[in-house]
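Student: I have a structure open and would like to go through it with you. Could we start once it is on the screen?

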Amino acid sequence: MMNANKPIIYMDNNATTAIAPEVLEAMLPYLQEYYGNPSSMYDFATHSSSAMKKARGQVAALIGATPEEIVFTSCGTESDSTAIFSALRRYPEKNHIVTTRVEHPAVKNLCDNIENLTGRKYHITHLQVSADGTLDMQQYKDSLTDDTAIVSVMWANNETGVLFPVEEMARIANERGILFHTDAVQAVGKIPINLKETAIDYLALSGHKLHAPKGIGVLYVRKGTPYMPFLSGGHQEQGRRGGTENVASIVALGRACELAVANMQEENTRVRALRDKLENGLLASIPKALLNGHKTMRLPNTANISFEYVEGEAILLHLNQHHICASSGSACTSGSLEPSHVLRAMGVPFTAAHGSIRFSLSPYNTEAEVDTVLEVLPKIIANLRNLSPFWEENS
Ligand code: PLP
């Protein structure tokens, strides 16, 4: 039986993060005292509208944007959809989209279903990745045509943490007059971003990946870039997104961004050291363990490791017994365990893709937690392999 009072070891921060105490403190007054609608005219509502204005500036400062370029949305998924549909509507005569094989479902499923969603046929180029999860820039350059309406490439991969050279890719698209969107949901708050120095037209981010609550996102839209509201309605967000603003969560996101500006550099150094200790320790102590993704061109917090001849889901269940939270690289679809599309695109062998585990750390993790995982996981893998006929055959 699990001890319900034992503290958890949370290493699944690419799935979602804890709300930072400073962030919670900042947002609470806007759930309690200052509940006015920011669009209302009386003084009481200016608490809400001023707080939103401040938050807009805080978000802009984290990514090197101006406050006018920030549109608050409900999540990263909405931001991705808004960007892509804006470009497609702006260029109805263009029928080509460039993206990658390893996007998050927020972009992948949108592109896969684009015909149903728009009633139009699009040709989609899915850029390949190599074994370490990186892109072939020549393939990218060759893929762009006069018919391309938009390029949508993630900044950091949620499963492996691999970083794509989106700044260079945006410059190349821009030279051809093609709009460039990046899903930066995993990158914002984890790596420095200065949009002023790039040609990126749209960027999506999400509060719950950087210690703000779930249900708040942002779409950055470069000044002068084509834009169409995804949600039509009131005049909120200067007519760019209908719906009464989620003031408390906007305040929270602003504070989270302010904290990231102040602490990112120092926290990254610490998180990277913890991640490296975990990763190196597991790779050294567990036979047939392989790192998925480029060793250095990666987020500092993410380690995706395959343990051959074991099921990821089984590993997760055993880790759960020790109150350790992580993710596996396979999804249970239709009763069968499908290795993730990201690992398949990288050509990770079936036996390894099935046994992949993603650890994603945050500044709240400690060395003692890493030590616990290093002690517990080798035993779990050894026990599971002892039960596996495939291990016996292949060891
Ligand atoms: N894009 C990436 C890379 C993500 O990792 C996620 C969430 O996991 C999303 C988009 C979707 O963000 P949200 O949950 O805010 O819709």
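Student: Which strands does helix α4 lie across?

Tutor: Please keep in mind that this is a predicted model. Helix α4, residues 105-112, lies across β3, β4, β5 and β6. Its direction is at about 145° to β3.

Student: And what does helix α3 lie across?

Tutor: Helix α3, residues 76-90, lies across β2, β3, β5, β6, β7 and β8. With respect to β7, helix α3 runs at about 165°.

Student: In what order do the strands of the open sheet come?

Tutor: The order is β2-β8-β7-β6-β5-β3-β4, which makes seven strands with mixed pairing. The edge strands, each paired on one side only, are β2 (70-73) and β4 (123-127). On average, neighbouring strands of this sheet are turned by 20° against each other, with direction ignored.

Student: How many bridges join β3 to β5, and do these strands run parallel or antiparallel?

Tutor: Three bridges join them, and the two strands run parallel. Strand β3 covers residues 96-100, and strand β5 covers residues 148-152. H96 stands opposite T148 in β5.

Student: Let us change topic to pockets. What volume does the largest one have?

Tutor: The volume of the largest pocket is about 490 Å³. Its lining comprises 31 residues, and H104, N158, E159, K209 and R358 are the closest to the centre.

Student: Which elements give two or more residues to that lining?

Tutor: They are α3, β12 (327-328), β13 (330-333), β14 (336-339) and α11 (341-345). Helix α3, which lies across strands of the sheet, is thus also part of this lining.

Student: How do the lining residues of the largest pocket divide by class?

Tutor: There are 16 polar, eight nonpolar and seven charged residues. Domain 1 (21-263) and domain 2 (269-394) each supply at least three residues to the lining of the largest pocket.

Student: What about the second largest pocket: which residues lie nearest its centre?

Tutor: Those are G189, L210, H211, E267 and P363, out of 26 lining residues. The second largest pocket has a volume of about 390 Å³.

Student: Which element gives the largest share of that lining?

Tutor: Helix α9 does, with nine residues. The elements that give two or more residues are α1 (21-27) and α9 (247-285). By class, the lining has 13 nonpolar, eight polar and five charged residues.

Student: Where does the second largest pocket lie with respect to the two domains?

Tutor: The second largest pocket lies between domain 1 and domain 2, because both give residues to its lining.

How values were computed:
Residues are numbered from 1 along each chain as its sequence is written. This is a predicted model: local features need pLDDT of at least 70, side-chain atom pairs count only at pLDDT 80 or more; totals for chains, interfaces and linings use all residues. Side-chain values use heavy atoms; hydrogens and water are left out. Two strands pair if DSSP finds at least two bridges between them. Helices (H or I, at least four residues) and strands (E, at least two) are DSSP runs, numbered from the N terminus. Axes are lines fitted to C-alpha atoms, for helices over the stretch in contact, and angles run from 0 to 180 degrees between N-to-C directions. Contact means heavy atoms within 4.5 Å. On a 1 Å grid over the protein atoms alone, a cavity is a set of points where a 1.4 Å probe fits but cannot get out, and a pocket is an open set with protein on both sides within 12 Å along at least five of seven lines; lining residues have an atom within 4 Å of a point. Grid points are joined across faces, edges and corners, and a volume is the space filled by probe spheres set on the points. Ala, Val, Leu, Ile, Met, Phe, Trp, Tyr, Cys and Pro count as nonpolar, Asp, Glu, Lys and Arg as charged, and the others, Gly among them, as polar. Domain bounds come from an automatic or database domain assignment.
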